[in-house]
Amino acid sequence: MSLPISLRSNAPDALRLSEKEPDSAEPRGGRTGPSRRQLVAGAAAGLALAPLPRPAAAAAPLSEHVLRLTEGVVPERARLRLEIPALVENGNSVDTRITVDSPMTAQDHVRWIHLIAEKNPFPDMARFHLSPRSGRAEVATTLRLAQSQTVTAVAALSGGGFVMAEAAIVVTLSACIDGG
Amino acid sequence: MAIPFNARISMPAEAKAGEIIEIKVLARHPMDRGGQSDGKGGTVPRKILNRLTATYAGEEIFRFDMHTGVSANPFVSFTTKAVASGEIVFEWREDGGASFTRTARLTVT
């Protein structure tokens, strides 16, 4: 918990703010009632809750890489299946298969599928461009993973939407050993 | 020391019209991600196959953009709908501008 640190650093501001506020919960002359610690803690809590844009911060468990790909659109976690082993001995070549449930018609098809490894030195791993002539949205490749992490597959649909899936993978030996 | 480029393309030789076939492509390439010391105070530049395109019946049917996250000797599998007898042309592009082309023939019955 980082509360004591933020409390200490915010204490002067918090006091000033609580004095300015007319509808503060703390009585003005009541210094003897609540202890100084309670007063500071209450003011600090009020300060912490009021100005922070909490909803934006709380509703973003998606990695910035996904949002960069989708240009801010939140992809649906459906229709895409990412098959990757849960544990691999080394990250040099990891078999991966991605299947998207799509009719692959001219009206409704998968435009591309992108693979992200957030902890790789270069998180963008690969992109598959598909078309209605693919017939099925099913691709496979061999990936190189730097360490244990979450691999994310994002697919762009012709209708403008996105779907995604994530898979956690444990890599016991990295693919980033020089000379290895 | 350069290993000659080599590719293995695995797909059915024949297919019925409209059938969806799976094409598996394995290329031989070190996919050097670069950044290692070259022993002279510099670093080795990246040298990977960065793109594979497959062209069939006059149209690009598949493109695979590769970055350093694709393994050495990259493998890729994809599908296509058999539309006409003809050649499927696979073209790899390597960092530095080199490109390699292989073809495979598909007979549609």
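These legends go with three close-up views of a predicted model.

**View 1. Chain B on its own, a chain built with strands and no helices.**
Let's start with what chain B is made of. Count along and you'll find eight strands and zero helices. Written out in sequence order, that gives the pattern β-β-β-β-β-β-β-β. Take the C-alpha atoms of chain B along the principal axes, and they fill a box of roughly 60 × 25 × 20 Å. How much of chain B is buried? Of its 109 residues, 28% count as buried. Now look at contacts in chain B between residues at least 6 apart in sequence: 52% of them join residues at least 24 apart.

**View 2. Where chain B meets chain A.**
Here 23 residues of chain B are in contact with 26 residues of chain A. Which strands of chain B help out on this side? Strand S5 (59-66) and strand S6 (75-81) each supply at least two of the residues that touch chain A. What kinds of residues does chain B bring along? Sorted by class, its side of the meeting has 11 nonpolar, eight polar and four charged residues.

**View 3. Two strands paired across the chains.**
Zoom in on S5 of chain B and you'll see its partner from the other chain, strand S5 (residues 124-129) of chain A. Four bridges join these two strands, and they run antiparallel. Which residue of S5(B) does A:Ala126 stand opposite? Look for B:Met66, which sits across from A:Ala126. Recall from the previous view that S5 of chain B also supplies at least two residues of the side touching chain A.

Key:
Residues are numbered from 1 along each chain as its sequence is written. Chains are lettered from A and ligands numbered from 1 in the order in which they are written. This is a predicted model: local features need pLDDT of at least 70, side-chain atom pairs count only at pLDDT 80 or more; totals for chains, interfaces and linings use all residues. Two residues are in contact if their C-beta atoms, placed from the backbone, lie within 7 Å. Ala, Val, Leu, Ile, Met, Phe, Trp, Tyr, Cys and Pro count as nonpolar, Asp, Glu, Lys and Arg as charged, and the others, Gly among them, as polar. Two strands pair if DSSP finds at least two bridges between them. A residue is buried if 20 or more other C-beta atoms lie within 10 Å of its own, exposed if 12 or fewer, and partly exposed in between; C-beta atoms are placed from the backbone.
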